[in-house]
Amino acid sequence: MTGTPILRLVDLSKKFDDLRAVDGIDLEIYDGEFFTVVGPSGSGKTTLLRMLGGMDQPSQGDILLRGERINDIPANRRPTCMVFQSLALFPHRSVGQNIEFSMKMKGIPTADRRARAEQLMAQLHLPLDYYDKNVAQCSGGERQRIALARALAFDPEILFFDEPLSAIDYRLRKTLEKELKDIHRETAKTFVYITHSLEEAMVMSDRIGIMREGKLVQVGTPDEIYNKPRNKFVSEFMGEVNIIEVQKATEDKLECPSLQTQVVGPSQPTGFNSGHLVIRPESVRFLNNSGSAENSVEGTLYNIYSLGSRMQYQVRVGTHVFLVEKLREQGYEGELDDVVKIGWDARDSILVSD
Amino acid sequence: MNRSSSKLTRNLIALWAACILVFMYLPLACVALASFSKNRYFRFPIPKYDTVWYSKAFDSLTVQGLFETSLSIALLVTAISVVLAFFGSLAFARFDWRGRKVFQKIILLPIFFPQAVLGLALLLWLSSIGIIPDWRTAVFAHLIWIVPIATLVMSIQAYSFDPALEEAAFDLGATRWQTFREVTIPILWPGIFSGALFSFLLSWGNFPLSLFTTGADQTIPEWLYAKMVSGYTPLVPTLGALTTLGAALVLLGGYAIIVFSRGKGAK
Amino acid sequence: MASPAAELESRAVESSSRWAEFRAWITQPGVLCSTPVLLLLLIGFLAPLLVVVGYSLMPPRTFDFGHVPTLENFISIVNESYYRSFLWAFGLACITVVLLLIICYPLAYGMAKLFGHWAHLLTLLLVIPLFVSENIRLFGWVLFLIKRGVLLGALESWFGIGADSMLYSVPAIVLGLVYVYLPFTLFPVMLGISMVPRDVTEAARDLGASRWQVFREIELPLAMPGILIGAMLTFVLSLGSLAESKILGGQAVIMIADDIETAFTFGQNWPLGSALSVLLILLVGSLVLYVLRRLDLDEILGRR
C-alpha cells in the first residue's frame with residue numbers, strides 16, 4: 001500500500017520499571033489504511049496503542065501525526081479515538097447520550113447532535129428506538145456498535161481498536177469483523193487495530209504487524225505474512241502448520257533429524273545453516289495408491305479429526321507428528337494405525353529462521 | 001494527560017494526605033504528651049516529664065475495675081456478634097431470597113442512628129420492662145450497633161464467595177455440615193476475623209451507648225468522660241494513652257495475622 | 001351458587017397452599033440466616049423506639065405508661081424554643097458535611113486511583129483512630145487548643161505571640177465534628193470513586209472531554225452512590241452528636257442531643273426527652289430511608 005504516512009513512530013519505547021513493554025518501534029501507518037498489530041498477550045501491543053491514543057506516555061522516541069510530534073498532547077486534544085477492550089460505555093448514560101458524548105463536550109447544539117447520532121445509528125444497524133435505551137440492557141453486539149458509533153461521532157482522523165471483539169462469540173465476531181471492514185471502507189478513515197488472532201487480522205487488514213516482546217517481528221500485507229513468514233514465531237502464529245527443524249545438508253537438500261531423512265527444500269538463503277521448514281497441512285498429500293511428490297515419508301495414521309468441511313489427520317513419522325488436511329470428499333479412506341505414505345513438493349514448503 | 005501535570009496532581013494529593021494524617025493523629029499525640037507530664041495540671045511546654053502517672057494507673061484499683069468491665073463487655077460482644085453477624089452476612093450477600101434488599105436496609109438503620117438517642121431509648125425500654133442496667137445490659141446495647149457493622153464487614157468477604165465452591169464440595173460427597181466446615185468457613189475466615197476485630201475495638205472504645213446502659217458499672221471511656229467534665233485528674237491522659245495504645249496493638253496484631261495467614265494460604 | 005361444603009373445601013385448599021408457600025419461604029437459607037439478627041434488632045432496636053414513641057405521648061414528668069396520651073410535649077417543644085437546638089444541630093451538620101466532602105474528595109481520589117498499594121497503609125492509619133473512644137480524641141483537641149495548651153503554649157513561649165483560645169466556641173465544635181466524622185465521609189467516597197472504571201474516564205478524555213468535564217460528566221455521577229452514603233452518614237451522625245458540643249463547645253451552643261440528654265438526666269422529664277427524640281428520629285429516619293431507597297447495596301459492595 002502506498003500513500004502518505006499519517007502516523008510515524010520513531011524508536012518508540014515504554015519501560016515499566018525493568019520491563020521494556022514496547023521496545024524501539026519504528027513504523028509508518030498510511031492515511032486511510034487498516035493496520036492491525038497482532039501479538040500474544042504480554043507482547044506490548046496494548047501499551048503501544050495506549051501511547052498512540054495518549055493514555056500512556058512514551059519513555060523514549062516520538063509519535064508523529066502528519067509530521068507533527070504529538071507526544072505531549074493529551075488524549076482529549078488528539079484527533080484520534082479509541083474503542084476499548086471493555087468498550088468503556090458510560091453506564092449512567094443512554095445509548096444516544098453515549099454516542100453524543102464528544103459532541104456535547106464540544107458544545108454542539110442538541111438538535112444537531114441528535115441528527116448525527118441517529119445517522120450513525122442507522123449506519124451501524126442500531127434500531128432508532130434504542131436512542132433512549134440503557135446501555136446496560138444492550139447485547140454484546142449492540143454494545144460493540146454503540147462503542148463504534150461513539151468513536152465515529154468524535155470524527156477522529158484515526159480510530160484505535162483494543163481487541164474489542166475478544167469477548168464476543170465466534171459467529172457474531174465473524175459478522176462484526178466484516179461490518180468493521182465495511183465501515184472502514186465507507187468512512188475512509190485510518191484504522192489501527194490490535195488483536196491476538198492472526199485470523200481476525202487477515203480478514204480485515206490492509207497491512208499487519210506481528211509483535212513479540214515489545215518489538216515488531218514482521219510488517220506486511222496479509223499475503224506477505226501468509227506466504228513469507230519471516231521466522232518460526234510468525235509461522236506458529238498462523239495456526240496449525242507443520243514446523244520441522246532442519247539443518248543444511250547440501251545446496252538443495254536439508255537434513256531433518258526428527259524425520260531421520262533428507263528432504264528437498266526451497267532455495268536456501270546465503271549463509272544458511274539451520275532453521276525450520278514450514279509446511280501447511282493442506283499442502284501435504286497421501287501417496288498410498290497413486291501420485292508422487294518431491295518429498296515423501298512413511299508413518300502411521302494416529303488420529304482423524306473432522307473439521308466440518310475438511311478432515312485433519314495426524315500422521316506419526318519418526319518423532320514428528322505431521323498434520324494433513326484434506327477436503328472431506330477428498331479425504332483418506334482407511335483405518336487408524338494404517339501405515340501411510342505422505343508427501344509434499346519443495347515449492348509448498350517455506351524455510352524460516354528461528 | 002500531561003505527564004508533569006499529573007505528577008504534580010499526585011504529589012499535591014499526597015501532601016494533602018500527609019496533612020490529614022497529621023490532623024488525625026495530632027490530638028492523640030497531645031494526649032500521649034500530657035500523659036508524661038509530672039504536673040497535676042497540663043501546660044505546654046511541659047516543665048517536667050515523668051512516668052509517675054503510669055505507675056499510679058497500674059496500681060490503681062479503680063483502673064483495674066474499669067479495665068475488667070471494659071474487657072468483659074468487649075469480649076462478650078465480640079463472641080456474640082461474630083456468630084450473629086456471620087449468619088447475617090450470609091443472608092446479606094450470599095443467598096438470594098425474597099426480602100434480601102429489605103433486610104440489607106434494615107441492617108443499616110442502627111448504624112445510621114444517633115448512638116446517644118439509641119442508648120437513651122434502650123434505657124427507657126429496659127426500665128419499662130423492669131431490668132436494672134448493669135454491664136450486661138451494656139453488652140446488649142453494644143450488640144445493637146456492632147452486629148450490623150460486623151455484618152457489613154463480613155458481607156464484603158461473602159460477596160466474593162463463589163457458590164460453585166460449595167456446590168463442588170457437595171458434589172464431591174461432602175455433607176452439608178462438612179461443606180460448611182471445610183469450605184464455607186475457611187474461605188470466609190478473613191472476613192470473620194475482621195468482623196471480630198471490628199466488634200472488639202468498637203465495643204472497647206464505645207462511649208455513648210455505655211453512658212446510658214451500664215448502670216452502676218463503668219467502662220474506661222465513661223470514666224474518662226466523667227473526669228473530663230468534672231474532677232480532672234492526670235490519670236485521664238494516662239489512661240487515654242493506654243487504651244489508645246491497647247487498641248492500636250490489637251489492630252496491628254490482627255492485621256499482621258491476616259497478612260500472615262494470607263501469605264501462608266498463597267503458598 | 002356454590003354449596004357451602006365446596007366453598008369450605010376450596011378455602012381449606014387455598015389456606016393450605018398459602019401455608020405451603022409460607023413454609024417454602026421461611027425455610028430458605030437466607031431467611032433462616034437473617035432471623036437471629038432480625039430478632040436482635042426487633043427487641044433491641046424497634047422495641048426501644050416504640051417505647052420512646054409511647055413516652056413522648058405521656059404527660060410531662062411522668063415515669064410510666066399509665067396516663068392518657070397527650071401532645072403536650074410536642075407543643076412545649078415549639079413554645080419553649082427547643083427548635084433552636086434543632087436548628088443548631090441541623091446547621092452544624094450541614095457545614096460539617098460540606099467541609100468534609102471538600103476535604104475528603106481529593107484524598108479519596110488519591111487513595112482510589114493514584115496511591116496503589118500505599119492506599120492500604122493509609123487506610124489502616126486512618127482507621128486506627130476510629131477505634132479510640134471519641135472523647136479521648138476530643139480531649140486531645142482540648143489539650144491542643146486550651147490556653148497554655150500545646151498550640152498557644154508553644155506560640156507564647158517560643159514565638160512570644162499571645163492569642164485567645166478558640167476552645168468553647170462554634171468553630172471548635174465544627175472542628176470536632178469534622179475530625180470525628182472524617183473517616184465516615186472518606187471511606188464511602190473512596191468506595192464510590194473506586195467504582196468508576198478507569199477505562200470509562202479514559203474513554204471520556206479520549207472523546208475530547210476536559211478534566212473538569214470528566215469530573216462533572218463521568219466521575220461525579222458514577223461515584224454518587226458512595227458520595228451520598230458518606231454525606232448521609234456524616235450528616236446523620238453529626239445531627240445526633242453529643243460529645244463534640246459538650247467537650248469542645250462548652251456551653252457555646254446546645255445541640256439537640258444535648259437537650260435530649262438533659263431532659264432525661266437533670267430535667268427528669270422522660271416524656272419531653274422522648275418527644276425530642278421522636279422528632280430527631282423522624283428527621284433522621286426519613287432522610288436515611290429516602291437515600292437508601294435510591295441505592296443498590298449489592299452494586300456498591302461488589303456482588304458479582
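**Salt bridges and contact surfaces in a predicted model**

D50(B) comes out as partly exposed, with a relative accessible area of 23%. The model is a predicted one, and this residue makes a handy way into its charged pairs. The side chain of D50(B) meets that of K38(B) in a salt bridge, with 3.5 Å from N to O. Both residues belong to the loop between α1 (3-35) and α2 (52-59) of chain B, and the pair links distant parts of the chain, 12 residues apart. K38(B), at 38% relative accessibility, also counts as partly exposed. Over all chains, the structure holds 33 salt bridges.

Another of these sits in chain A, where the side chains of K248(A) and E251(A) pair up at 3.4 Å, again N to O. Here K248(A) is partly exposed at 31% relative accessibility, whereas E251(A) is exposed, its relative accessible area being 59%.

Things look rather different where chain A meets chain C. R93(A) and E217(C) form a salt bridge through their side chains, at 3.0 Å from N to O. This pair crosses between chains: R93(A) lies in the loop between β6 and α2 of chain A, and E217(C) lies in helix α10 (residues 211-239) of chain C. Are the two partners buried or exposed? R93(A) counts as buried because its relative accessibility, 17%, falls under the 20% cut-off. E217(C) is buried too, at 5% relative accessibility. E217(C) also has a second partner, K104(A), and in that salt bridge the closest N and O atoms are 3.1 Å apart. Through shared partners, salt bridges join R93(A), K104(A), R216(C) and E217(C) into one network.

The wider A–C interface can be laid out around that network. In total, 24 residues of chain A are in contact with 16 residues of chain C. About 1800 Å² is buried between the two chains, and carbon and sulfur atoms give 61% of that area. The chains share 3 salt bridges, along with 9 residue pairs in polar contact, both residues of each pair being at pLDDT 80 or more. Which elements of chain A give two or more residues to the side that touches chain C? They are α1 (45-53), β6 (80-83), α2 (95-106) and α4 (140-153). Of these, α2(A) gives the most, with 4 residues. Sorted by class, the side of chain A that touches chain C has 14 nonpolar, 6 polar and 4 charged residues.

Chain A also has an internal boundary to look at. The chain is divided into domain 1 (5-232) and domain 2 (240-352). Contact between them takes 6 residues from domain 1 of chain A and 6 residues from domain 2 of chain A. The C-alpha centres of the two domains lie 39 Å apart. Between them, the domains bury about 510 Å², with 62% of it on carbon and sulfur atoms. On the domain 1 side, Y226(A), P229(A) and K232(A) lose the most area to domain 2, and together they make up 80% of what that side buries.

As for charged and polar pairs, the rule finds 0 salt bridges across this domain interface. There are, however, 2 residue pairs in polar contact between domain 1 and domain 2 of chain A, both residues at pLDDT 80 or more. The side of domain 1 that touches domain 2 splits by class into 2 nonpolar, 2 polar and 2 charged residues.

Technical notes:
Residues numbered from 1 in each chain as written. Chains lettered and ligands numbered in written order. Predicted model: local features only at pLDDT ≥ 70, side-chain atom pairs only at ≥ 80, totals over all residues. Heavy atoms only, no water. Domains from an automatic or database assignment. Contact = heavy atoms within 4.5 Å. Buried area = accessible area lost by both parts, 1.4 Å probe. Salt bridge = Lys/Arg side-chain N within 4 Å of Asp/Glu carboxyl O. Polar contact = N/O pair within 3.5 Å; in protein donor to acceptor, adjacent residues only side chain to side chain. Nonpolar A, V, L, I, M, F, W, Y, C, P; charged D, E, K, R; others polar. Buried < 20%, exposed > 50% of the residue type's maximum accessible area, 1.4 Å probe, protein only.
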